[in-house]
Amino acid sequence: MRVHIVNPSHFSFGTGFITPRWMFVLAAATPAKWGDPVLSDESLEPFDTNQLETGDVIGIGVHTGNALVGYELGQRARARGAWVVYGGSHPTLFPEEALERGGAHAVVKGDGDVVWGQVIEDCASGAPKRIYDGGRIDASKFRKARWDLMRRKSYCWASVQTVRGCPKHCSFCSVWRTDGQKPRQREVNPVIEEIVELRRMGFRFIALADDNFYPVTLEDLRMAARREDKARYNELKALRDERFELMALMAQLPSDLNFFTQITMESAEDPEFLDAMRAAHIKGALVGIEAVTPEGLKDVYKDFNLAGDELVERLQTFRKHGIYILGSFIFGLPSDRPHTFDATADLAKRADITFAQFVTLTPFPGTLDFEKWEREKGADMPMVDGIPVSRHWLIPQGKRPKLLTPHPVMSGEQIRQGTQNVWNNFYSLNAAWKRSDILKAFRNRVAFVVASKVMLQAFGNTGLSTDSARASRATKLGGIGFSLLQKMFAAPPLPDLMVPETPRATEESAA
Ligand code: SF4
């Protein structure tokens, strides 16, 4: 019996941008008695189900975006006689759907790190349960990824996780409901060991694949300090101190390392944190800006963000501290108007944002927006081929409406076109070359422009294309770009790189 772990994807680029970390974590959770699992990432190449034999176990990890292609894969795998198991954020929310449509024998809800071994055991004995509840495990139980099973040349960037969960509650986001609002922060040592392992292999760029790298704000601390009972304050302070401890260790790593993470905009009020990030080689961060007006921010329950000129100033603060921003914007919010596209593009320029992504409002399951939409529409939800559009991920890509929720003043096509225009303008050759002046060496500036164009093809054009021919052209161009970037981003391996030690450990060993 062999264990297969597959990351399904609609698009296969040949080379991937970021390692799908969950596959390598699940590999670590596979008991040694079953041998090394076979890992297949369809964002590199499609999975050939002919390699499955009767009695093999296939673990398929899906999120809402790849649920349909994952279900098709599961059905083919079941027809080959394999035990089919689903996990990931989407099956956590809709376990029955994977059983009904994906040919699943079993579904794992929540974290797979601990329960996966049991699932394989039950499959091997021919009696898997329909549903396993992996829950939200404690951070001390998070597994280190099996990077030894990765093909180094297949990816541009590696990924390491330092914390799961986010204390916020944005209306369009399901993270705080699936991963929880209590930050589960990993101890610093296993994190730094993984980072060192990746640099030894020749990765220079590493994404800190966290829900929110800045889980405790200064305001959280101020509020907790006002309480008579100091337990909450001490808990938050310990989390913050651990962040600084991790960053102090990262600062001792080779200076050619570049980390990228996700944080909330409030971190700009915390210069000490930003400076520690910069010292730790965390040079970029994805910040969910979402909207540039107070009305738009209210639409998404994100009024802790700023708007207008204050927003520009806040975003420039990151640059002043040496952190480059990938800004994320949403179009199609109820308060958006035709001029919102230009206003957003203009703000992105003024705020010195290095990279940006522009998405159209899609109510994803597990979010407040989704629940509101289903509740309000009830039986009047429009259908495509008998599938309600609220189950948009089950509609084949070509037939899936580009805009799902009706907008008060703009048509779906108007919003799609406006969004596409903003992508094209932001990533025009001129604009990308101008933004590349943050780098000195010509080679790095060229890499920056290539990266900008890849962003446009792989993330802008594949999602917004109106026909499959364009999407497949975008996939091809994205693949060429990824392969170029892989070479540009790689560094010579450093097999002898040592793991830095905490000052406390160093002092103890000296004594
Ligand atoms: S969008 Fe970001 S800040 Fe908001 S809940 Fe999700 S992870 Fe947290």
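**Exercise 1. Determine where P495 lies and whether P495 is buried or exposed.**

Solution. P495 has a relative accessible area of 59%. The classes are buried (under 20%), partly exposed (in between) and exposed (over 50%), with a 1.4 Å probe and protein chains only as cover. P495 is therefore exposed. In the chain, P495 belongs to the loop between α18 and α19 (503-510); helices (H or I, at least four residues) and strands (E, at least two) are DSSP runs numbered from the N terminus.

The model is predicted: local features need pLDDT of at least 70, side-chain atom pairs count only at pLDDT 80 or more, and totals for chains, interfaces and linings use all residues. Residues are numbered from 1 along each chain as its sequence is written, and side-chain values use heavy atoms, with hydrogens and water left out.

**Exercise 2. Place L477 in the structure and relate L477 to P495.**

Solution. L477 sits in helix α18, which spans residues 468-489. Its relative accessible area is 34%, so L477 is partly exposed. Together with I480 and L484, L477 makes a nonpolar surface patch of about 250 Å². Such a patch takes residues with over 30% relative accessible area and no salt bridge (a side-chain nitrogen of Lys or Arg within 4 Å of a carboxyl oxygen of Asp or Glu). Nonpolar side chains (Val, Leu, Ile, Met, Phe, Trp, Tyr) are joined within 5 Å, and areas follow the Shrake-Rupley method with a 1.4 Å probe. L477 and P495 are 18 residues apart in sequence, and their C-alpha atoms are 33 Å apart in space.

**Exercise 3. State the phi and the surroundings of E290 and D385.**

Solution. E290, although not a glycine, has a positive phi of about 65 degrees. E290 is part of strand β13 (residues 282-290) and is buried, at 5% relative accessible area. D385, also not a glycine, has a positive phi of about 50 degrees. D385 occupies the loop between β16 (383-384) and β17 (387-388) and is exposed, at 57%.

**Exercise 4. Characterise the shell around the ligand.**

Solution. The ligand is surrounded by C166, K168, C170, F172, C173, W176, D211, T264 and K302, each with a heavy atom within 4 Å of the ligand. The shell divides into five nonpolar, one polar and three charged residues. Here Ala, Val, Leu, Ile, Met, Phe, Trp, Tyr, Cys and Pro count as nonpolar, Asp, Glu, Lys and Arg as charged, and the others, Gly among them, as polar.

Notes:
Patches are made of residues with over 30% relative accessible area and no salt bridge: like charges are joined within 9 Å, nonpolar side chains (Val, Leu, Ile, Met, Phe, Trp, Tyr) within 5 Å.
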